[in-house]
Amino acid sequence: MNAAALLLISLVIDAVFGEPKKLWESARHPVSLMGWVVERVEIRLNQGGRKKLKGVCALAIFCAISVVVGAAISAIPDYGILEVLCVAAFLAQKSLADHVGRVAEALRNGVAAGRIEVGHIVGRDTAELDPSGVSRAAIESSAENFSDGVVAPSIWYLVFGLPGLILYKFVNTADSMIGYKSEYFREFGWACARADDWLNYIPCRVSGVIFSVAGGSMRAVRIMTRDARLHRSPSAGFPEAAAAAVLGAALAGPRSYRGEFVNEPYIFAEGRKSLDADDIDAAVRLLWRAWWVLTALVLGVAFAY
């Protein structure tokens, strides 16, 4: 069975079952294991001089682990069953939609509840967010994480098999932990941060196009190419700008991280700035339409093999 067919099965498994709570209560999630490895490597290497070079060595270690583990699992003669389950474990469609949907539910019970719930999925300060701020944060998270958690893993699996998918998740996890997060990680995390930018270069743009198709708005592609550069991230701006145009919502804008105010421009500034739980629900519906577009593309690739 070819990689596209295996990916198609994995996409469906993830969409139906997501991340079974009981399973990951009794076993450690692969991404959690990656985080543990990143932490161990960082503690061992991020000291003394030549931190940038040591960060490159850390990236090389993550690459080696990804290739060895991915190749070993793919070589097991089980008709691809374990590989399918591994791929499904690295996809995040249902869990993303569920998490974002819970923000809408909480927000309907009051802005305080909405702040708490959205704080589980975003890194910005949430204590002072108004209903529009909570909604905006949830929508941005849905767009960015669709790229990071669904499209990018799918693309790198199709291109390089399970080693490629594991490497992407390893680098993505390392970037979230050590990539430019503070002066302490600035040199050591440089290699992983740059690698994450490179690995997301194509997926983030593909994600934006998928959102545009899912929303039936080719105008969103124009907005994406116009506004993506306004985002603080070289990757997240593409899916967020496309989603903003489809939903008619202004995203990004002023916010704060760890007490530091960031006065950034709005993406799709002509969109509505007053947002609520209904807008979050619309973003969740867009997520699922985008999933169907991606699944149709993978189906096409499977038949083309």
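These questions and answers go through a few features of the structure shown above.

The model is predicted, so local features need pLDDT of at least 70 and side-chain atom pairs count only at pLDDT 80 or more, while totals for chains, interfaces and linings use all residues. Residues are numbered from 1 along each chain as its sequence is written, and side-chain values use heavy atoms, with hydrogens and water left out.

Student: Which helix gives the largest share of the largest nonpolar core?
Tutor: A nonpolar core is a set of buried Ala, Val, Leu, Ile, Met, Phe, Trp, Tyr and Cys residues joined through side-chain atoms within 4.5 Å. The largest one here has 88 residues, and Phe62 is among those with the most contacts inside it. The largest share of this core, 20 residues, comes from residues 131–178, that is, from helix H8.

Student: Is Asp279 buried or exposed?
Tutor: Buried means under 20% relative accessible area and exposed over 50%, with partly exposed in between (1.4 Å probe, protein chains only). Asp279 has 11% relative accessibility, and therefore it counts as buried.

Student: How are H6 and H12 oriented to each other, roughly parallel or roughly antiparallel?
Tutor: The axes, lines fitted to C-alpha atoms over the stretch in contact, with angles from 0 to 180 degrees between N-to-C directions, come within 8 Å for helix H6 (residues 93–108) and H12 and cross at roughly 165°. Angles under 35 degrees count as roughly parallel, over 145 as roughly antiparallel, 65 to 115 as roughly perpendicular and the rest as oblique. H6 and H12 are therefore roughly antiparallel.

Conventions
Helices (H or I, at least four residues) and strands (E, at least two) are DSSP runs, numbered from the N terminus.
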